[in-house]
Amino acid sequence: DFTPLWISFLPPNPTKTDTMIHEMLTSASDLPWLVAASVLMLASITQWAHSKDDEKDLMKPKSQHRIFTSKLGGLLKHHITTRPPLPDWEVPIAADATLHMHPRVSRLATSASGDGLILKCMPRVYAPFVPFTDEDMVAGDKAERLAKRTVKCVWHFGSDGVGHPKTVHGGCISMAFDESFGHAFLSLGRGMGFTAFLNTNFRAPLPTGNPTLIEVNFDEIDGRKVSMSARLTDGKGKVFSDATCLFVQPRKAV
């Protein structure tokens with residue numbers, strides 16, 4: 001079943017080529033392996049030809065078409081032409097007669113019936129341009145300065161990132177929170193940071209198909225540790241989830 005193995009990127013205003021490729025991919029999951037592989041290969045070639053204009057300007061960010069081609073190439077290499085062998089520790093698990101391997105990666109993959117997307121588009125991140133400096137760290141109004149640094153991220157989930165029908169999977173929501181916290185950390189200008197703790201509370205089922213807003217606030221900065229909190233809403237005030245996290249900046253090499 002190809003459904004859980006690929007992700008297609010359909011732009012907000014798809015061209016005829018985009019639509020054709022998307023239809024080819026959504027039909028591939030119902031075809032035999034060999035035929036489906038041929039369909040995917042044709043889609044990859046078509047997408048490559050359609051994205052050649054992007055290469056005229058090397059300063060442009062990588063387009064959705066080129067991201068798609070790269071992902072599809074990886075799919076063909078790792079899942080069709082050269083399936084990787086099982087790791088040693090998985091061999092006894094696969095051989096256990098009391099276990100049954102599910103035919104699908106997801107509990108409910110809906111590519112053939114929905115839009116086939118985990119995300120309808122890349123998230124849009126709005127963050128302050130000015131770093132949080134050493135002067136800010138020791139200022140008497142440090143808390144007030146942090147409160148003004150809210151980072152806003154717009155996420156648009158599709159019909160394939162689901163756990164229950166038409167409901168965004170909790171794992172996708174947690175991923176979106178983690179990524180949003182990461183963008184917020186980077187906006188401080190402190191370099192790289194890593195998630196040490198992430199807690200997500202699911203307040204209400206999040207429907208697929210509509211843009212959502214994650215607003216990240218800084219709660220505290222203590223040395224290398226940055227505590228943050230966030231809410232996921234419909235952009236109009238209805239809260240679906242909230243989260244807290246702790247990011248840690250690596251120690252400098254001595």
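# Salt bridges, burial and contacts in a predicted model

User: Is Arg145 buried, partly exposed or exposed?
Analyst: Let's start with this residue, keeping in mind that the model is predicted. Arg145 has a relative accessibility of 27%. Buried needs a value under 20% and exposed one over 50%, so Arg145 counts as partly exposed.

User: Which residue does the side chain of Arg145 meet in a salt bridge at 2.9 Å?
Analyst: A search of the whole structure finds 5 salt bridges, so there are several to look at, and this is one of them. The partner has a relative accessibility of 34% and counts as partly exposed. The 2.9 Å runs from N to O, and the side chain that Arg145 meets is that of Asp141.

User: How many residues apart in sequence are the parts tied together by Lys142 and Glu220?
Analyst: The side chains of Lys142 and Glu220 meet in a salt bridge of 3.4 Å, N to O. Lys142 lies in helix 6 (residues 142–147) and Glu220 in strand 6 (residues 211–222), so the pair ties together parts whose separation in sequence is 78 residues.

User: Which of the two, Lys142 or Glu220, counts as buried?
Analyst: Buried means under 20% relative accessible area. Glu220 is at 38%, so this residue is partly exposed. The other partner is at 14%, so the buried one is Lys142.

User: Where is Asp242, the salt-bridge partner of Arg203?
Analyst: The side chains of Arg203 and Asp242 meet at 2.6 Å, N to O. This pair links distant parts of the chain, 39 residues apart: Arg203 is in the loop between strand 5 (194–202) and strand 6, and Asp242 is in strand 8 (residues 239–248).

User: Which residues are joined into one network by salt bridges that share partners?
Analyst: We have already met a pair with a 2.9 Å salt bridge, Arg145 and Asp141. Salt bridges that share partners make one network, and its members are Asp136, Asp141 and Arg145.

User: How many disulfides does the structure hold?
Analyst: A disulfide is a covalent bond between the sulfur atoms of two cysteines. The chain does have cysteines, including Cys121, buried at 10% relative accessibility, and Cys153, buried at 0%. Even so, the number of disulfides in the structure is 0.

User: What is the separation between the C-alpha atoms of Val226 and Leu246?
Analyst: Val226 is found in strand 7 (residues 225–233) and is buried, with a relative accessible area of 0%. Among the residues that Val226 touches are Phe185, Phe218, Cys245 and Leu246. Val226 and Leu246 are 20 residues apart along the chain, yet their C-alpha atoms are separated by 5.7 Å.

User: Which residue shares a polar contact of 3.3 Å with the side chain of Ser174?
Analyst: Ser174 is found in helix 7 (residues 170–187). Not counting residues up to four places away in sequence, Ser174 touches Leu198, Thr200 and Phe202. Of these, the one whose side chain makes the 3.3 Å polar contact is Thr200.

User: What is the phi of Lys166 near?
Analyst: Most residues other than glycine have a negative phi. Lys166 sits in the loop between strand 3 (162–164) and strand 4 (167–168), and counts as exposed at 67% relative accessibility. Its phi is a positive value, near 60°.

User: What area does the nonpolar surface patch have?
Analyst: The patch is made by Trp89, Ile93 and Leu99. Leu99 is placed in the loop between helix 4 (91–95) and strand 1 (124–126). Together, the three residues make a patch of about 370 Å².

Key. Residues are numbered from 1 along each chain as its sequence is written. This is a predicted model: local features need pLDDT of at least 70, side-chain atom pairs count only at pLDDT 80 or more; totals for chains, interfaces and linings use all residues. Side-chain values use heavy atoms; hydrogens and water are left out. A disulfide is a pair of cysteine sulfur atoms within 2.5 Å. Buried means under 20% relative accessible area, exposed over 50%, partly exposed in between (1.4 Å probe, protein chains only). Patches are made of residues with over 30% relative accessible area and no salt bridge: like charges are joined within 9 Å, nonpolar side chains (Val, Leu, Ile, Met, Phe, Trp, Tyr) within 5 Å. Accessible areas come from the Shrake-Rupley method with a 1.4 Å probe; for residues, only the protein chains shown count as cover. A salt bridge is a side-chain nitrogen of Lys or Arg within 4 Å of a carboxyl oxygen of Asp or Glu. Helices (H or I, at least four residues) and strands (E, at least two) are DSSP runs, numbered from the N terminus. A polar contact is a pair of N or O atoms within 3.5 Å; within protein, one must be able to donate a hydrogen and the other to accept it, and residues adjacent in sequence count only if both atoms are side-chain atoms. Contact means heavy atoms within 4.5 Å.
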